[in-house]
Amino acid sequence: MLGAIGHVEDGIVQLSERTDWSNGQRVLVIALPASSIEREAPPTHLLEEDAREFAVRGESLNEINRSELG
């Protein structure tokens, strides 16, 4: 699994390091509140755990997106 930390600037995700993506590659983006920038990001192992959980249950992502937008 490949992980990258970044921030949003003018609606574009700016990664903190160069990352090579493959065409068609699926990615999981976990948006943190802007105030969390002042604190540390969640540990990588927790982000990987979330990614594994949601990757096998695509409907979970759709449900989360709907609840975030609603």
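This passage goes through a hairpin, a loop glutamine and a pocket in a predicted model.

Starting with the strands, β1 takes in residues 6-9 and β2 residues 12-15, and the two pair up antiparallel through four bridges. Two residues sit between β1 and β2, which makes the pair a hairpin. One detail of the turn is Asp10, whose phi is positive at about 55°. As for who faces whom across the hairpin, Val8 has Val13 of β2 as its bridge partner, while His7 stands opposite Gln14, also in β2.

Past the hairpin, the loop that links β2 to α1 (44-55) holds Gln25. The side chain of Gln25 makes its way to the backbone nitrogen of Ser22, at 2.9 Å. Gln25 counts as partly exposed because its relative accessible area is 36%, and that class runs between the 20% limit for buried and the 50% limit for exposed.

Then there is the second largest pocket, with a volume of about 340 Å³. Twelve residues line this pocket, and Val29, Ala31, Ile64, Asn65 and Glu68 are the ones closest to its centre. Two elements, α1 and α2 (58-69), each supply two or more residues to the lining. Helix α2 gives the largest share, with five residues. In terms of chemistry, the lining of the second largest pocket splits into nine nonpolar residues, one polar and two charged.

Notes. Residues are numbered from 1 along each chain as its sequence is written. This is a predicted model: local features need pLDDT of at least 70, side-chain atom pairs count only at pLDDT 80 or more; totals for chains, interfaces and linings use all residues. Side-chain values use heavy atoms; hydrogens and water are left out. Two strands pair if DSSP finds at least two bridges between them. Buried means under 20% relative accessible area, exposed over 50%, partly exposed in between (1.4 Å probe, protein chains only). A polar contact is a pair of N or O atoms within 3.5 Å; within protein, one must be able to donate a hydrogen and the other to accept it, and residues adjacent in sequence count only if both atoms are side-chain atoms. On a 1 Å grid over the protein atoms alone, a cavity is a set of points where a 1.4 Å probe fits but cannot get out, and a pocket is an open set with protein on both sides within 12 Å along at least five of seven lines; lining residues have an atom within 4 Å of a point. Grid points are joined across faces, edges and corners, and a volume is the space filled by probe spheres set on the points. Ala, Val, Leu, Ile, Met, Phe, Trp, Tyr, Cys and Pro count as nonpolar, Asp, Glu, Lys and Arg as charged, and the others, Gly among them, as polar.
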